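Take the structure below and follow it step by step. The route runs from the domains to the cores, then to the metal site and the charged pairs.

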Amino acid sequence: MDQASGSTQLLLNVSALKGQASKTAYLGAIIAVTSIIVATLSVCYFASGSISLEGIVAAQKTNFGLWILDALPFIFTFWGQYAGSIIAYQAGAMILDQTNELRSKTATLEKQAIYSSTHDALTDLPNRSLFYDRVEQAILSANNQQRTLSVLLFEVENYKEIYSALGRNNSDLVLKQISSRLQGAVKSFENIARLEGGTFSLLIDDEQEDVLQVSNSIQESMQAAFIVERQPVAIHTCTGIVKFPEHGEDVDTLVQRAGIALYIARNNKEGSAVYDPSFDKHSPQRLTLMSELRHAISRDEFALFYQAKVSLETNAVYGVEALIRWLHPKHGLISPDDFIPMAERTRTIQQVTRWVLRQAFIDCAKWHKTGMNLKVSVNLSTKDLHDPELPDFIGGIQASTQVKPEWIILEITEGSIMTDPEQAMEIIQRLHDRGYQFSIDDYGTGYSSLAYLKKLPLAELKIDRSFVKDIVHSQNDAVIVNATIHLAQNLGLKIVAEGVENTEVMEKLRDYGCDIVQGFYINKPQPIEEFNTWLKNSQWHT
Ligand code: C2E
Ligand code: CA
Ligand code: CA
């Protein structure tokens with residue numbers, strides 16, 4: 001019921017009540033008058049034996065009971081008026097109360113409507129429109145006081161995958177946890193907004209906080225896995241940063257350029273980027289690259305390069321890692337870091353992985369035919385571990401190439417398992433049942449949950465090259481590498497050190513008891529023919 005119709009209803013009720021009171025009073029008055037007439041006539045008749053005007057006058061003059069009766073119509077009329085007024089008064093007070101109540105309800109509803117049009121219902125954070133308003137206001141005051149601002153866009157890169165893997169309710173839970181971590185990681189938490197899906201934004205007063213530090217603490221705060229239904233879920237994030245007034249003087253330009261920085265951040269290793277005008281040229285080029293990537297297979301532009309894995313026990317090459325390259329007709333050789341993340345965001349990665357697997361199996365078969373018993377490692381990406389058709393596809397190429405599953409090692413990262421551990425485990429298990437071996441790649445950079453590693457059917461653990469490269473000079477890295485080697489060996493895994501660039505590092509790894517090394521010190525990744533020639537003449541030949 002709205003306020004106006006509520007009041008009208010009340011007014012109608014009041015006049016109905018008043019009418020009721022008056023009616024009862026009038027009825028009382030009529031009864032009283034009738035009683036006076038009947039009583040007077042009766043008194044007159046009983047006193048004189050007949051009814052006459054003198055008898056009636058005498059009865060009225062002398063009978064005390066009639067006097068009281070005579071007063072009754074007045075009493076009834078007065079009572080009617082009095083009762084009517086009291087009811088009207090009470091009804092008036094009621095109207096006032098209810099109007100006030102309606103007014104305060106309306107004000108609350110209005111406040112709620114304003115709040116929900118400016119806030120995100122899920123996280124309770126300001127939404128895009130409030131964020132834009134706040135940036136505009138901040139620009140005005142920053143202009144007056146000659147201050148600088150930063151706008152940071154934060155994106156959960158694998159939000160779509162999380163959404164499709166976990167469904168709406170659970171991915172909402174992840175978003176809520178992200179929002180809480182964001183608020184914890186940032187001093188000016190009241191300036192965080194959720195723009196859409198997995199994209200958040202943040203306005204920073206440069207005098208209050210350093211945007212790069214904020215970006216780091218945000219990334220750090222997102223490292224630990226999120227728990228949904230007691231399962232860990234990992235997110236991949238990136239941040240794009242712009243500065244006012246350096247990169248733009250209005251909110252639209254700033255947010256658009258932060259978007260370009262975000263685009264660059266998605267494709268670089270750091271996962272964050274500060275806008276630079278050179279990005280403007282870069283990003284359309286990237287967009288073209290992305291569309292060209294889809295045709296790279298049919299145009300036969302991919303190549304597999306191989307890098308040796310040397311056993312420190314035998315000092316001989318025991319296997320190779322297959323690393324993809326894109327031989328672009330215009331841009332030349334493009335490294336996988338520049339297109340694999342791009343392929344991972346689209347469905348193209350499935351085709352890329354399948355191309356790599358087919359080529360690696362063909363090359364593996366060739367080596368084994370010529371008596372070179374190399375194990376071939378192939379990198380799988382997150383999406384591959386969510387592709388239920390992968391085991392059958394691999395079964396198909398295995399049958400056509402006659403490669404034995406134990407000649408192949410599939411490299412996966414901790415992060416790729418964490419997005420949807422159950423599905424990933426199922427696919428890993430199916431492949432393991434067929435005899436394929438698994439290796440954990442980039443160990444130490446992800447979410448090192450030993451509990452998970454223990455559950456996986458692993459054969460090998462590869463320590464990330466960022467820990468390996470400095471072991472000679474950094475005591476810290478040396479301790480980490482040494483501990484990791486022992487941990488892996490206790491779990492019954494072979495340990496591979498990546499990124500070995502010189503003999504000192506290799507000898508130190510040997511001292512620590514490392515099983516296998518890989519790195520530029522041995523060879524740079526090279527095409528198969530070059531690799532074969534190199535191996536024949538190398539000290540690492542069996
Ligand atoms: P990754 O799997 O960690 O591969 C090792 C990377 O380290 C390779 O880079 C290799 O060239 C480089 N590397 C090896 N030894 C050294 C060294 O001594 N020093 C230095 N500085 N670097 C060394 P690359 O080939 O550029 O590959 C980069 C990443 O791209 C790979 O990292 C892998 O994550 C991804 N990648 C490569 N090929 C494929 C593929 O076929 N499928 C998928 N999904 N990802 C791939
Ligand atoms: Ca690898
Ligand atoms: Ca690696």
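## From domains to charged pairs

The C-alpha centres of domain 1 and domain 3 lie 98 Å apart. Keep in mind that this model is predicted. The domain assignment gives domain 1 as residues 3–118 and domain 2 as 128–281. Domain 3 comes in two pieces, 307–322 and 347–537.

Now look at the nonpolar packing. Which residues touch the most other members of the largest nonpolar core? They are Tyr306, Leu410 and Leu509, in a core of 113 residues. Domain 2 and domain 3 both give residues to this core, so it lies between them. Another core lies apart from it and holds 25 residues. Val156, Ile162, Val186 and Val211 are among them.

Turn next to the metal site. Which residues supply the protein donors of the calcium ion (ligand 3)? Asp441 and Asp442 each give an OD atom, and Glu498 appears twice through OE. These donors lie 2.2 to 2.5 Å from the ion. In sequence the donor residues are spaced D-D-x55-E. The pair Asp442 and Glu498 links distant parts of the chain, 56 residues apart. Asp442 sits in strand 13 (residues 437–443). Glu498 sits in the loop between strand 15 (494–497) and helix 17 (503–512).

Are these two donor residues buried or partly exposed? Asp442 has 25% relative accessibility and counts as partly exposed. Glu498 has a relative accessible area of 9%, under the 20% limit, so Glu498 is buried. A second ion belongs in the picture. The calcium ion (ligand 2) is 4.0 Å from the calcium ion (ligand 3). Asp441 coordinates both.

The charged pairs come next. Side chains of opposite charge can pair when their charged atoms come close. How many salt bridges does a search of the whole structure find? It finds 19.

Start in helix 3 (residues 64–118). Glu101 forms a salt bridge with Lys105 there, and their closest N and O atoms are 3.6 Å apart. The two residues are four apart in the helix, so about one helical turn separates them. Glu101 is partly exposed at 45% relative accessibility. Lys105 is also partly exposed, with a relative accessible area of 48%.

Arg430 has two partners to follow, Asp392 and Glu426. With Asp392, the closest N and O atoms are 3.7 Å apart. Asp392 lies in helix 11 (residues 390–401) and Arg430 in helix 13 (residues 421–433), so this salt bridge ties together parts that are 38 residues apart in sequence. With Glu426, the closest N and O atoms are 4.0 Å apart. Here both residues lie in helix 13, four residues apart, about one turn of the helix.

How accessible are these three residues? Asp392 is partly exposed at 48%. Glu426 is partly exposed at 46%. Arg430 is partly exposed as well, with a relative accessible area of 27%.

One network remains. Salt bridges that share partners join Glu321, Glu411, Lys462 and Glu498. Glu498 thus returns from the metal site, where Glu498 is a donor residue of the calcium ion (ligand 3).

Methods:
Residues numbered from 1 in each chain as written. Chains lettered and ligands numbered in written order. Predicted model: local features only at pLDDT ≥ 70, side-chain atom pairs only at ≥ 80, totals over all residues. Heavy atoms only, no water. Donors = N, O, S within 2.8 Å, 3.2 Å for Na, K, Ca; no water. Buried < 20%, exposed > 50% of the residue type's maximum accessible area, 1.4 Å probe, protein only. Core = buried A, V, L, I, M, F, W, Y, C linked by side-chain atoms within 4.5 Å. Domains from an automatic or database assignment. Salt bridge = Lys/Arg side-chain N within 4 Å of Asp/Glu carboxyl O.
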